[in-house]
Amino acid sequence: MKLRSSSSISLLSFISLISFLPSLISSQACKKSCGNHLIRYPFGSGPGCGDPRFQKYVTCDQQKLILNTHSGCYTIDNIDYTNHVLYIQDPSMSTCSSTQPSKGFGLDWDAPFTFMDDNVFALIDCSTASSPLYNSQDGVNNSIVPLCDNEGAPICSLLYSCPPITRLNLPISTCCVYTPIDLGPAFEMDLQRLQCTSYASIYSFNGRESNPQRWNFGIALKYKFNVKNDFPSACRSCERSNGVCGYSGSYNSFTCNCVDWLNTTTDCYFAANLNNVARLHPRKIGNLMVSSLAWHLIWTHL
């Protein structure tokens, strides 16, 4: 009876080991780069990678990092991981090198991003007769109060010097500088509702305030890790061990995705050591496990 009990326990251990093995021998799904861009937390290369809150907004598509919102898909030029800022380009935006009619830009209401305070939006060729920019009333004497920033007039004048913008709709009679705070809680810039033809966005004047050819056109978006904006300690340890932070399961449990084939709930130091010892093909590792268990079963019957 004792021998049978020992055999049953060993057999149970073998079944458990076999069922656990496939979870170890899985390819690394989370990548550290997308094209020329480094991917770090909170962003990820695919499902199960990075922070789940960012998954549907930042994706890697054909080796290009893309920001997805309800207003369109936009190429990410750069991510500043130190200052938690990503820079995007809207191909329909007006710049000193190109322009075309645009529908505007907007963030989803639940998107984990906010506009950088340094962003300057210039709405171009808006209707003075019907645009709400020029037809808002002050509520006291019903006088019209433009919603544009009067201090933005020099920016508009300099934008007029860009040939593509001057050709947008000759003559361009209006230009309204519109700051991120004016977009409201929905962060929506709906040019059809505002009745404007196009817009330009500048996130930096690059030290050349009087030369629009040197301005940095684009949109800068700030992101946060959490309410306190603390980098998760588990993810920091994972990245230090050459892993990629991710999540798994219905509860979005933390997972450290390691090089080659092992995922852990901590870091990749153990995985690296195990990988150095077991450089054999996973099937050979399994065969060795089976052989070892077979010898163990034989010895338990002696």
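## A walk through the disulfides and a covered strand

Buried residues make up 42% of the 302 residues in this chain. Keep in mind as you look around that this is a predicted model. The secondary structure comes to 7 helices and 17 strands. As for how the chain folds back on itself, take the contacts with a separation of 6 or more: 62% of them are between residues 24 or more positions apart. On the outside, the accessible surface comes to about 17000 Å², and carbon and sulfur atoms account for 56% of that.

Let's start with the cysteines. How many disulfides does a search of the whole structure find? The count is 8, and three of them are worth a stop here. As a quick reminder, a disulfide is a covalent bond between the sulfur atoms of two cysteines.

Begin with Cys34 and Cys60, whose sulfur atoms sit 2.1 Å apart in a disulfide. The angle about the S-S bond is 90°, which makes the link of Cys34 and Cys60 right-handed. Cys34 belongs to strand β1 (residues 33–34) and Cys60 to strand β3 (residues 58–61), so this pair ties together parts of the chain that are 26 residues apart in sequence. The two ends of the link don't share the same surroundings: Cys34 is buried, at a relative accessible area of 0%, whereas Cys60 has 24% relative accessibility and counts as partly exposed. The cut-off behind that call is simple, because buried means under 20% relative accessible area.

Next comes the disulfide of Cys156 and Cys175, again with the sulfur atoms 2.1 Å apart. Here the S-S bond has an angle of -80°, and the link of Cys156 and Cys175 is left-handed. What does this pair connect? Cys156 lies in helix α2 (residues 153–159) and Cys175 in strand β10 (residues 175–178), so a helix and a strand are tied together across 19 residues of sequence. Cys156 is buried, with a relative accessible area of 5%, and Cys175, at 15%, counts as buried too.

The third stop is in loops. Cys258 is joined to Cys268 by a disulfide with an S to S distance of 2.0 Å. With -95° about the S-S bond, the link of Cys258 and Cys268 is left-handed. Cys258 is found in the loop between β16 (253–257) and β17 (263–264), while Cys268 is in the loop between β17 and α6 (269–277), 10 residues apart. Are these loop cysteines buried or exposed? Both Cys258 and Cys268 are buried. For a contrast, have a look at Cys73, which is exposed at a relative accessible area of 55%.

Now turn to strand β14 (residues 219–223). This strand is mostly covered, with 4 of its 5 residues buried. Which strands pair with β14? One of them is β6 (residues 85–89), which pairs with β14 in the antiparallel sense over 4 bridges. In that pairing, Val85 stands opposite Lys222 of β14. Another is β8 (residues 113–115), joined to β14 by 3 bridges and also running antiparallel. There you can find Phe115 opposite Leu221 of β14. While you trace these strands, it helps to remember that in a regular strand the side chains alternate between the two faces of the sheet.

Notes. Residues are numbered from 1 along each chain as its sequence is written. This is a predicted model: local features need pLDDT of at least 70, side-chain atom pairs count only at pLDDT 80 or more; totals for chains, interfaces and linings use all residues. Side-chain values use heavy atoms; hydrogens and water are left out. A disulfide is a pair of cysteine sulfur atoms within 2.5 Å. Helices (H or I, at least four residues) and strands (E, at least two) are DSSP runs, numbered from the N terminus. Buried means under 20% relative accessible area, exposed over 50%, partly exposed in between (1.4 Å probe, protein chains only). Contact means heavy atoms within 4.5 Å. Accessible areas come from the Shrake-Rupley method with a 1.4 Å probe; for residues, only the protein chains shown count as cover. Two strands pair if DSSP finds at least two bridges between them.
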